[in-house]
Amino acid sequence: MNSIEGKRILVTGGSGFIGTEMVRRLSEERGTDVVIFCRNTPSEAFGQNVDYLSGDLRNDVGIRRALSHVRPNLVVHLAANTGPRGYQELNREQIYNDNV
């Protein structure tokens, strides 16, 4: 038996570069239910065992509601504010506040 078989997994940042690949791989595992929790709608279509929940990790109430609604067995946290090239230099404080 797979260690994640039958698990409900919440992935933050599932629409990002690394998150998309993580969701794809998790969704291929038999018996897993995957929920993507992120601000942006994923551009990639996933399998039937993947749901999308819109939310922002900077909102405590939204996080609590998501966890209460999804009731995950496992959370994979991949969300981060990185911005495009040059964004970090101009927005250091915002990136720090969003990611720490």
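This is a short chat about a predicted model and its nonpolar cores, a surface patch and one loop residue.

Q: What kind of model is this, and how are residues numbered?
A: The model is predicted: local features need pLDDT of at least 70, side-chain atom pairs count only at pLDDT 80 or more, and totals for chains, interfaces and linings use all residues. Residues are numbered from 1 along each chain as its sequence is written, and side-chain values use heavy atoms, with hydrogens and water left out.

Q: How many residues make up the largest nonpolar core?
A: The largest nonpolar core has 11 residues in all, including Ile 4, Phe 46 and Val 76. A nonpolar core is a set of buried Ala, Val, Leu, Ile, Met, Phe, Trp, Tyr and Cys residues joined through side-chain atoms within 4.5 Å. Buried means under 20% relative accessible area, exposed over 50%, and partly exposed in between (1.4 Å probe, protein chains only).

Q: Which element gives the most to this core?
A: Strand 2 does, with three residues. Helices (H or I, at least four residues) and strands (E, at least two) are DSSP runs, numbered from the N terminus.

Q: What does Leu 26 touch?
A: Leaving out residues up to four places away in sequence, Leu 26 touches Ile 4, Ile 9, Val 11, Thr 32 and Val 34. Contact means heavy atoms within 4.5 Å.

Q: Changing topic, where is Arg 71?
A: Arg 71 sits in the loop between helix 2 (60–70) and strand 4 (74–77).

Q: Is Arg 71 buried or exposed?
A: Arg 71 counts as exposed because its relative accessibility is 66%. Arg 71 also has a positive phi of about 50 degrees, although it is not a glycine.
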